[in-house]
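Please look through the model shown here, beginning with the pairing of its strands and moving on to its core and one of its loops.

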Amino acid sequence: MKKRFVLFILPAFIYSCSLQSGSNRNYDAYDPNKTYKIHLNPSPGSSYYYDISNESTVKMEVEDKKINNETQSNSSIHYKVTKDSSGDFLFAMQYDNIKMHTKSGDNITDAEAGDGSGIINPLDQMLNILKQSHITATVSPSGEIIVMNGYKELGDQFLANVA
């Protein structure tokens with residue numbers, strides 16, 4: 001009898017020890033009754049580099065006229081993280097490269113941010129202005145954007161370029 005009891009209890013005991021408390025929790029499904037607290041906590045002095053690629057194709061027919069538009073863009077952006085004296089995060093952002101390709105019917109437009117010298121194409125000039133801009137976001141630890149600096153100057157440079 002003791003042998004059977006040990007043979008039954010031992011596997012159950014080993015199995016229960018191998019399971020962690022709460023290991024059956026499933027976070028993939030949405031549950032409106034659960035509360036998740038997410039906070040921003042990058043290391044001051046860290047930097048991040050992202051490559052961003054977008055591609056879209058629009059095909060439609062309006063009043064017997066076919067419209068085919070393709071758009072592709074590739075850009076890279078570099079983020080440097082610091083902290084200010086109040087504990088907020090400062091994200092300094094700068095684009096590294098920007099390329100765009102659009103095709104509308106037979107019209108093809110390619111644009112790229114260069115090094116700033118000898119750029120004649122207005123779209124290339126605008127992309128170069130964006131590449132050379134310095135944008136800083138002040139973000140609270142809870143993830144709230146407090147202030148963005150650099151966008152007004154960027155807009156002023158765009159308008160000056162158009163004029």
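Two strands are said to pair if DSSP finds at least two bridges between them, and the strands themselves (E, at least two residues), like the helices (H or I, at least four residues), are DSSP runs numbered from the N terminus. This is a predicted model, in which local features need pLDDT of at least 70 and side-chain atom pairs count only at pLDDT 80 or more, while totals for chains, interfaces and linings use all residues. Residues are numbered from 1 along each chain as its sequence is written, and side-chain values use heavy atoms, with hydrogens and water left out.

Strand 5 (135-139) is a useful place to begin. On one side of the pairing list, strand 5 is joined to strand 3 by 5 bridges, and these two strands run antiparallel; within this pair, Ala92 has Thr136 of strand 5 as its bridge partner. Strand 5 is also joined to strand 6 (residues 145-149), by 4 bridges and again in an antiparallel arrangement, with Ala137 standing opposite Met148 of strand 6. The hairpin of strand 5 and strand 6 has 5 residues between the strands, and there Gly143 takes a positive phi near 100 degrees. Because 4 of its 5 residues are buried, strand 5 is largely enclosed by the rest of the structure, where buried means under 20% relative accessible area, exposed over 50%, and partly exposed in between (1.4 Å probe, protein chains only).

The largest nonpolar core has 15 residues, and those with the most contacts inside it are Phe91, Met93, Ile98, Leu127, Ala137 and Leu154. The elements that give two or more residues to this core are strand 2 (65-83), strand 3 (89-104), helix 2 (122-132) and strand 5, and the largest share, 4 residues, comes from strand 3. Such a core is a set of buried Ala, Val, Leu, Ile, Met, Phe, Trp, Tyr and Cys residues joined through side-chain atoms within 4.5 Å. In soluble globular proteins, nonpolar side chains tend to be buried together. When residues up to four places away in sequence are not counted, Met93 touches, among others, Ile77, Tyr79, Ile135, Ala137 and Met148, a contact meaning heavy atoms within 4.5 Å.

The loop between strand 1 (47-62) and strand 2 holds Glu63 and also Asp64. Glu63 has a positive phi of about 50 degrees although it is not a glycine, and Asp64, likewise a residue other than glycine, has a positive phi near 65 degrees. Glu63 is exposed, with a relative accessible area of 78%, and Asp64 is exposed, with a relative accessible area of 75%.
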